[in-house]
Amino acid sequence: MLEQDVRVAHQEDRIRRFSVFDRVEHWLQVITFVALAFTGLIQKWPEAGFSQWAISALGSIETTRVIHRVFATMLLLAVVYHLFTAGKRIFVNRAPRTMLPSMSDARAVWTSVRFHFGRNQEPPVQGRFTWEEKIEYWAIVWGTLVMTVTGFMLWNPIATARFLPGQFIPAAKAAHGGEALLAVLAILVWHFYHVHLRHFNTSIFTGYMSRREMAKEHALELAAIEAGKFDPPPMEVTEARRRRFVPAYSVVAGALLVGIYFFVTFEDTAIQTIQPPEDVLVFVPAPTPTVPLVTTTAGTSAETTTTTESTTSTTGATGSDSWTTTIEPMFSATCGACHRGSSGFAGLDLSSYETAVAGGTSGPGIVPGDPDSSVIYQRQEAGGHAGQLTNAELATLRAWIEAGAPETPADAGGEDGSASGSTWDGTFGALLADDCGSCHGAGALGGLNVTSYALAVEGGNSGPGIVPGDANASEIYTKQAAGGHPGMLSDDQIAELATWIDAGAPEK
């Protein structure tokens with residue numbers, strides 16, 4: 001009998017605060033948040049040692065992206081579920097809208113400030129949700145809205161570029177990463193302090209809070225409960241409200257689920273990361289041995305022996321290798337997805353000769369004449385890079401830097417300085433790779449790949465890219481001439497492109 005009385009007294013000392021639906025929703029939010037934060041931040045700083053380890057542990061950067069998108073979809077589904085739980089409380093149970101900010105919250109903020117500075121003897125008396133909890137809730141609502149909008153822009157960049165200028169896409173990337181970092185810091189500092197350090201709140205685990213805790217944290221709600229203000233309405237009233245709520249919610253939820261489906265399947269535009277090719281043994285002929293050359297001077301009995309040496313060159317830069325003809329196209333195909341523009345990883349931008357030489361946060365990218373002091377060569381020589389050059393390409397890079405890292409064939413002392421004229425090798429190969437390679441490189445958006453002359457001529461889904469002798473039939477020119485393209489050439493470059501195509505689009 002005594003044990004039964006203790007159990008009853010224990011139950012009466014607890015106030016039910018969260019239902020099973022509330023707790024399920026909380027843990028769904030925890031799981032999706034942690035997974036999104038983890039897979040998102042390692043993509044934001046992929047050069048960090050921990051990020052490279054984590055991406056490798058998950059399988060690859062592509063697997064990391066897939067995991068991030070799966071949990072992003074789960075977050076959207078959690079929003080649909082939250083609308084159900086919130087709607088049920090408001091429209092069926094007629095619960096007070098205690099999460100909405102009010103003037104009493106402003107007074108509570110002021111009282112809290114005075115209390116923490118010793119100007120008030122007691123903290124503010126608050127209701128079901130404190131002003132700290134309301135700030136956190138509406139921060140999540142705002143953050144979810146920002147992440148959804150910017151996430152759609154990043155997931156569907158081509159659709160975004162149809163309605164907005166191309167600059168909105170890198171802006172969305174910056175906002176997406178910044179909001180993610182802000183959310184993580186808010187959880188670690190604000191939420192962790194108020195729920196785990198200031199006092200350990202177990203109500204989200206058990207659903208209940210002790211009367212003593214309620215009197216301290218939510219005194220106004222406790223008083224309302226004890227006064228009978230939160231007593232449930234009659235069953236028949238609740239059932240009538242439920243019959244009206246469920247069909248209305250089903251329509252809204254159905255529309256949202258259709259929207260999520262289109263969000264996820266609208267377009268497939270992620271640039272696929274190309275795995276480094278396997279190293280193969282390349283045959284390199286041995287140097288030709290020294291051969292004595294004997295010549296006889298006519299009319300004399302003396303013989304003059306002249307020794308000459310013949311050698312065979314190995315893989316490396318030729319006399320005409322330069323940034324425009326060799327190195328830039330090589331970087332565009334292998335490194336352009338990560339190191340392009342002002343937002344390039346580690347501050348490294350390989351879209352131009354000047355920015356490549358300047359390098360990024362780790363030091364100068366190229367030091368002409370000194371490959372061992374050039375960060376780009378150092379990273380590639382170490383191996384294991386996300387965009388790893390082949391051994392032959394690495395040898396070409398080293399030989400080019402040792403030769404002074406010439407920007408053009410004329411600088412390299414090649415036999416033909418005309419490569420800077422209107423040809424694919426001299427002008428348009430590097431130009432299109434620079435302006436268009438981030439989308440029409442390895443990822444080949446729209447089926448168009450401009451990393452080689454043959455692929456650019458072949459074109460993509462819209463037709464041939466280059467029709468020698470007919471600029472108006474060439475999709476690359478017509479898209480540029482129409483304007484509004486994410487990667488736009490200047491007017492002078494577009495005019496030069498038309499002239500080059502009409503002249504037969506010479507490759508060399």
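The points below comment on a predicted model of a single chain.

1. Overall make-up. The chain has 508 residues, and 33% of them are buried. Its secondary structure consists of 21 helices and 4 strands.

2. Contacts and surface. Taking the contacts in the chain with a separation of 6 or more, 61% are between residues 24 or more positions apart. The exposed area of the chain is about 29,400 Å². Carbon and sulfur atoms account for 62% of that area.

3. Second largest pocket, size and position. This pocket has a volume of about 390 Å³. Four elements each give two or more residues to its lining: α5 (103-116), α6 (131-155), α8 (168-197) and α10 (211-217). The largest share comes from α5, with 4 residues.

4. Second largest pocket, lining residues. The lining holds 17 residues. Those that lie nearest the centre of the pocket are S112, H116, P123, E132 and R198. By class, the lining divides into 7 nonpolar, 6 polar and 4 charged residues.

5. Cysteines. The disulfide count for the model is 0. C436 is in no disulfide, and the nearest cysteine sulfur to its own belongs to C439, 8.7 Å away. Seen from the other side, C436 also holds the closest cysteine sulfur to that of C439, and because the separation is 8.7 Å, the two are too far apart for a bond. The cut-off for a disulfide is a pair of sulfur atoms within 2.5 Å. The surroundings of the two residues can be stated as well: C436 is buried, with a relative accessible area of 10%, while C439 counts as partly exposed at 31% relative accessibility.

6. Backbone at A405. Phi of A405 is near 50 degrees, which is a positive value in a residue other than glycine. A405 sits in the loop between α16 (391-402) and α17 (409-412). With a relative accessibility of 0%, A405 counts as buried. A reader checking the backbone may wish to look at this loop residue.

7. Backbone at A505. A505 is not a glycine either, yet has a positive phi of about 50 degrees. Its place is in the segment after α21 (491-502). A505 counts as buried, at 1% relative accessibility.

8. Points to keep in view. Three items recur above: the second largest pocket, with its 17 lining residues; the cysteines C436 and C439, whose sulfur atoms are 8.7 Å apart; and the positive phi values of A405 and A505.

Methods
Residues are numbered from 1 along each chain as its sequence is written. This is a predicted model: local features need pLDDT of at least 70, side-chain atom pairs count only at pLDDT 80 or more; totals for chains, interfaces and linings use all residues. Side-chain values use heavy atoms; hydrogens and water are left out. Buried means under 20% relative accessible area, exposed over 50%, partly exposed in between (1.4 Å probe, protein chains only). Contact means heavy atoms within 4.5 Å. Accessible areas come from the Shrake-Rupley method with a 1.4 Å probe; for residues, only the protein chains shown count as cover. On a 1 Å grid over the protein atoms alone, a cavity is a set of points where a 1.4 Å probe fits but cannot get out, and a pocket is an open set with protein on both sides within 12 Å along at least five of seven lines; lining residues have an atom within 4 Å of a point. Grid points are joined across faces, edges and corners, and a volume is the space filled by probe spheres set on the points. Ala, Val, Leu, Ile, Met, Phe, Trp, Tyr, Cys and Pro count as nonpolar, Asp, Glu, Lys and Arg as charged, and the others, Gly among them, as polar.
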